[in-house]
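This report describes selected local features of one protein model. Please read it with the structure open.

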Amino acid sequence: CGNTLRSVYESYLGVIAASARFGHASMVDANEALAAMASFGIEPDVDTYNQMLLVIAGAARHGGASMKDAETILERMQHEDLEPYCVTYGAFIDVMASCAAFDGGATW
C-alpha cells in the first residue's frame, strides 16, 4: 500500500509542478503534499525531491520560489543520504533557467 500511496503523491506533485508553471500552484501546495505523505509514514525519496525541484522551477517563473529553495532541497537530499541523478540535475537546471527568466539572473 505504501508504494501505491507514494506513486499517488508523486503524481500529485507532478500535477502541482505543471500547475506552478502557469501560476496556478505554489510551494505551499507542494509542502502540503509532502506533509500529507509524512502523515501516512511515507518518507520522501529522490523522485519525490525531483518533483519538488520541478515545482520550484514552475513557481520561480512567477517569482514564487528561488534558487535558495532548490538549494534547500539538495541539502535535504544530502542530509537523508539520497543520491541525486541525471533527472535531479536536469530539474535543478530548470530551476536556474526559471529564476533567470524571472529575475534576469539566477540568485541564491
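The sections below cover salt bridges, buried positions, a loop residue and a charged surface patch in this predicted model.

## Salt bridges between distant segments

The structure holds 5 salt bridges. In one of them, the side chains of Asp45 and Arg6 meet with an N to O distance of 3.5 Å. This pair links distant parts of the chain: Arg6 belongs to helix H1 (residues 2–21), while Asp45 sits in the loop between helix H2 (27–39) and H3, and the two are 39 residues apart. Asp45 counts as partly exposed because its relative accessibility is 21%, just as a value between 20% and 50% requires. Arg6 has a relative accessible area of 18% and is therefore buried, the cut-off for that class being under 20%.

A second bridge joins Arg21 and Asp94, whose closest N and O atoms are 2.3 Å apart. It too links distant parts of the chain, with Arg21 in helix H1 and Asp94 in helix H5, 73 residues apart. Arg21 is partly exposed because its relative accessibility is 28%. Asp94, at 15%, counts as buried.

## A bridge within one helix, and a network

Lys68 and Glu71 form a salt bridge by their side chains, at 3.1 Å from N to O. Both residues lie in helix H4, 3 residues apart, which is about one turn of the helix. Lys68 is partly exposed, as its relative accessible area is 40%. Glu71 also counts as partly exposed, with 25% relative accessibility. Elsewhere, Arg6, Glu10 and Asp45 are joined into one network by salt bridges that share partners.

## Buried positions in helix H3

Which residues does Thr48 touch, apart from those up to four places away in sequence? They are Arg6, Glu10, Leu13, Leu34 and Met37. Two of these contacts, Arg6 and Glu10, are also members of the salt-bridge network with Asp45. Thr48 is found in helix H3, which spans residues 46–60. Its relative accessibility is 0%, so Thr48 counts as buried.

Ala59 lies in helix H3 as well. Ala59 is buried because its relative accessibility is 5%. Leaving aside neighbours within four places in sequence, Ala59 is in contact with Ala20, Gly64 and Ala65. The C-alpha atoms of Ala59 and His24 are separated by 8.9 Å, with their positions 35 residues apart along the chain.

## Arg61 beside the Arg21–Asp94 pair

Arg61 is placed in the loop between H3 and H4. At 40% relative accessibility, Arg61 is partly exposed. Outside the four nearest places in sequence, the contacts of Arg61 are Arg21, Asp94, Ser98 and Phe102. Arg61 thus touches both Arg21 and Asp94, the two residues that form a salt bridge with closest N and O atoms 2.3 Å apart.

Phe102, another of the contacts of Arg61, has its C-alpha atom 5.5 Å from that of Arg61. The two residues are 41 residues apart in sequence.

## A negative surface patch

Glu43, Glu80, Asp81 and Glu83 form a negative surface patch. Glu43 lies in the loop between H2 and H3. Its relative accessible area of 55% is over the 50% limit, so Glu43 is exposed. Glu43 and Glu80 are 37 residues apart in sequence, yet their C-alpha atoms are 10.0 Å apart in space.

Asp81, another member of the patch, is in the loop between helix H4 (67–79) and helix H5 (86–103). Is Asp81 buried or exposed? With a relative accessibility of 68%, Asp81 counts as exposed. The backbone of Asp81 has a phi near 55°, a positive value in a residue other than glycine. Most residues other than glycine have a negative phi.

Conventions:
Residues numbered from 1 in each chain as written. Predicted model: local features only at pLDDT ≥ 70, side-chain atom pairs only at ≥ 80, totals over all residues. Heavy atoms only, no water. Patch = residues over 30% accessible without salt bridge, like charges linked within 9 Å, V, L, I, M, F, W, Y side chains within 5 Å. Areas by Shrake-Rupley, 256 points an atom, 1.4 Å probe, with all protein chains shown as cover. Salt bridge = Lys/Arg side-chain N within 4 Å of Asp/Glu carboxyl O. Lys, Arg positive; Asp, Glu negative; His and termini not counted. Charge placed at Lys NZ, Arg CZ, Asp CG, Glu CD. Helix = DSSP H or I, 4+ residues; strand = E, 2+ residues; numbered from the N terminus. Buried < 20%, exposed > 50% of the residue type's maximum accessible area, 1.4 Å probe, protein only. Contact = heavy atoms within 4.5 Å.
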